[in-house]
Amino acid sequence: MSKAALVPLQEGLELEVKKHDIFVGLMYLGFVENDAVKFALNANGEKIPVPPRNNRLIITKERASARILKAIERKKRISYSDTTGRIFSVPIVTGKQIGR
């Protein structure tokens with residue numbers, strides 16, 4: 001799903017769940033480090049190794065999770081992990097119920 005398609009999804013979801021005190025935001029992470037051995041499936045359903053990415057573009061899992069938590073705490077509607085999140089991103093929907 002594209003970044004452009006996720007914004008209306010986030011906005012619609014936000015309207016639907018706002019009455020239940022649930023916050024919905026988007027986080028564009030960019031490239032997050034993979035596990036040492038990671039596989040995907042090809043068109044025939046066979047496991048193939050995921051090739052390594054350019055190390056300059058990768059953020060650590062710890063940095064990604066810290067950025068997600070920070071965005072949730074600040075109730076940011078749209079957040080980016082860093083510059084790579086703005087350019088090369090895989091968006092995820094984040095949400096948190098706000099206790100009262």
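Arg53 is partly exposed, with a relative accessible area of 36%; here, partly exposed lies between buried, under 20% relative accessible area, and exposed, over 50% (1.4 Å probe, protein chains only). The structure is a predicted model, in which local features need pLDDT of at least 70 and side-chain atom pairs count only at pLDDT 80 or more, whereas totals for chains, interfaces and linings use all residues. Residues are numbered from 1 along each chain as its sequence is written, and side-chain values use heavy atoms, with hydrogens and water left out.

Arg53 is placed in the loop between β4 and β5. Helices (H or I, at least four residues) and strands (E, at least two) are DSSP runs, numbered from the N terminus. Apart from neighbours within four places in sequence, Arg53 is in contact with Phe31, Val32, Asn34 and Ile58, contact being defined as heavy atoms within 4.5 Å. The C-alpha atoms of Arg53 and Asn34 lie 8.8 Å apart, with their positions 19 residues apart in sequence taken as the separation. Two prolines are found in the loop that holds Arg53: Pro51 and Pro52. Pro51 is exposed, at a relative accessible area of 57%, and Pro52 is also exposed, at 77%. From C-alpha to C-alpha, Pro51 is 9.6 Å from Asn34, the two being 17 residues apart in sequence. For Pro52, the C-alpha atom is separated by 9.5 Å from that of Lys38, which is 14 residues away along the chain. The loop connects β4 (47-49) with β5 (58-59).

At the level of the whole chain, the secondary structure comprises three helices and seven strands. The order of these elements from the N terminus is α-β-β-β-β-β-α-β-α-β. Of the 100 residues in the protein chain, 25% are buried. Among contacts with a separation of 6 or more, 71% are between residues 24 or more positions apart. The exposed area of the protein chain is about 7200 Å², of which carbon and sulfur atoms supply 56%; accessible areas come from the Shrake-Rupley method with a 1.4 Å probe, and for residues only the protein chains shown count as cover.

Strand β1 is largely enclosed by the rest of the structure, because six of its seven residues are buried. β1 runs parallel to strand β6 (residues 78-80), and three bridges join the two; strands are taken to pair if DSSP finds at least two bridges between them. Tyr28 has Tyr80 in β6 as its bridge partner. Gln10, in helix α1, counts as buried at 2% relative accessibility. Beyond its neighbours within four places in sequence, Gln10 is in contact with Val24, Gly25, Leu26 and Arg77. The loop between α1 (3-17) and β1 (22-28) holds Asp21, a residue other than glycine with a positive phi, near 60 degrees. Asp21 is partly exposed, with a relative accessible area of 29%.

Helix α2 (residues 61-73) has 13 residues and should span 18 Å at 1.5 Å a residue, which agrees with the 18 Å between its end C-alpha atoms; the expected span is 1.5 Å times one less than the number of residues. Within α2, Ala64, Ile68, Ala71 and Ile72 are buried. These residues cover an arc of only 100 degrees around the axis, which puts them on the same side of α2; the arc is that of the directions from the helix axis to the C-beta atoms. On the other side of α2, Glu62, Leu69 and Glu73 are exposed. The helix is followed by Lys75, whose phi is positive, near 55 degrees.

The largest nonpolar core has seven residues, namely Met27, Leu29, Ile59, Ala64, Ile68, Ala71 and Ile72. With four residues, α2 gives the most to this core. A nonpolar core is a set of buried Ala, Val, Leu, Ile, Met, Phe, Trp, Tyr and Cys residues joined through side-chain atoms within 4.5 Å. In soluble globular proteins, nonpolar side chains tend to be buried together.
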